[in-house]
Amino acid sequence: MDTSLKRTPLFAAHVESGARMVPFGGWEMPVQYTGIIEEHRTVRAAVGCFDVSHMGEFEVDGPGALAALQGLTTNDVAALETGQVQYSLFCYPHGGIVDDLTLYRLAPDRFMITVNAGNIAKDWEHVSERGAGVRWRNVSDDTGLIAVQGPKAEALVGRLADVDVARIGYYRFVHGKVAGAATLISRTGYTGEDGFELYVAASDTTRLWRALLEAGRADGVAPIGLGARDTLRLEMRYALYGNDIDDSTNPLEAGLGWVVKPAKGDFLGREAIERVRAVGPARRLVGLEMTERAVPRHGYPVMKDGAVTGVVTSGSYGPSVDRYIALAYVASGHAAIGTELGVEIRGQVKAARVVKTPFYPSRVKKG
């Protein structure tokens, strides 16, 4: 047991359920309960509950909140209505990514930002130094977060909520109660399935977790660990900070140009990003399918005609597609769909091909 690791409010519940606990981003988290493939398939076929209380939450409010966020993030915050969510990035002046995030407009002059667990301290320093003139609060320790994902998620959350969750649009949220706990109910997720992320007070997290697992028994609900969370997001081509994006990554080469809005005006990193846009990225993040049976892993070299053309950033078996798949940065000249490449695995080059992503079709409810 590593006493330096933080624990979420659900730590005892995970241990009680027999979860295998591992270090992740400074936290002691469940990597699996019954098995990664079984948990992955539960989310695709039914519904799963994820403890994501390790994620960080910052609140910002005041008359200058919108302007501060416009200068700090790449997306256009002014386009957000109250009750709407936006995916965005923090960038450094050189264009590298500080973190990817979701941004919630709670009121005209009040917002919440959700950031990655391993980046909380870095992100807090970033916004504190550069987001002057508004009120910032780091509410991470006071906030619990449970993701409920899968085709039966709406029915499960709906049975416990005092609001009609079927009326919540994709990347929208409402305030209500779920199992009696005051909850920000957000139709968002990291799996490609329909579902919700439920923000509650840290003190209510265990009660909500137990209520969801009890109420979802007939639906086949199960607790899901970080292992299946990773394979689910990989099949969707969702970026993982520290693997697929980091401070050396320009958003355009990562395929995240859709959340960069230079027309809104100046923001941190804009000039550097636009320089890359003018000439085109030298490398691109692509999807790879192994055409030889082999498991591509983070850091493995990607080869073309006997020379290194890139590197694998994420790779695994994809249970929903029954293939070994990966994300990798490769030279832009080798990024076209259908390009035959290889991945060097323990000294042997195994055949791979650039394929269209996502590897598995999204089933989020956008209507």
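**Sheet, helix and core**

User: In what order do the strands of the open sheet of 6 strands run?

Analyst: The open sheet has mixed pairing among its 6 strands, where strands are DSSP E runs of at least two residues and helices H or I runs of at least four, numbered from the N terminus, and two strands pair if DSSP finds at least two bridges between them. This is a predicted model, in which local features need pLDDT of at least 70 and side-chain atom pairs count only at pLDDT 80 or more, while totals for chains, interfaces and linings use all residues. Residues are numbered from 1 along each chain as its sequence is written, and side-chain values use heavy atoms, leaving out hydrogens and water. The order is β10-β11-β12-β9-β3-β13.

User: Which strands stand at the edges of the sheet?

Analyst: An edge strand here has a single partner strand, so one of its sides is left without a neighbour in the sheet. The strands in question are β10 (173–178) and β13 (222–224).

User: Which residue of β9 stands opposite C49?

Analyst: Strand β3 (residues 48–51) pairs with β9 (residues 143–149) in the antiparallel sense, over 4 bridges. Opposite C49 stands V148.

User: Which element gives the largest share of the largest nonpolar core?

Analyst: This core, a set of buried (under 20% relative accessible area, 1.4 Å probe, protein chains only) Ala, Val, Leu, Ile, Met, Phe, Trp, Tyr and Cys residues joined through side-chain atoms within 4.5 Å, has 42 residues. Elements giving two or more residues to this core include β9, β13 and α7 (226–235). The largest share, 4 residues, comes from β5.

Key:
Buried < 20%, exposed > 50% of the residue type's maximum accessible area, 1.4 Å probe, protein only.
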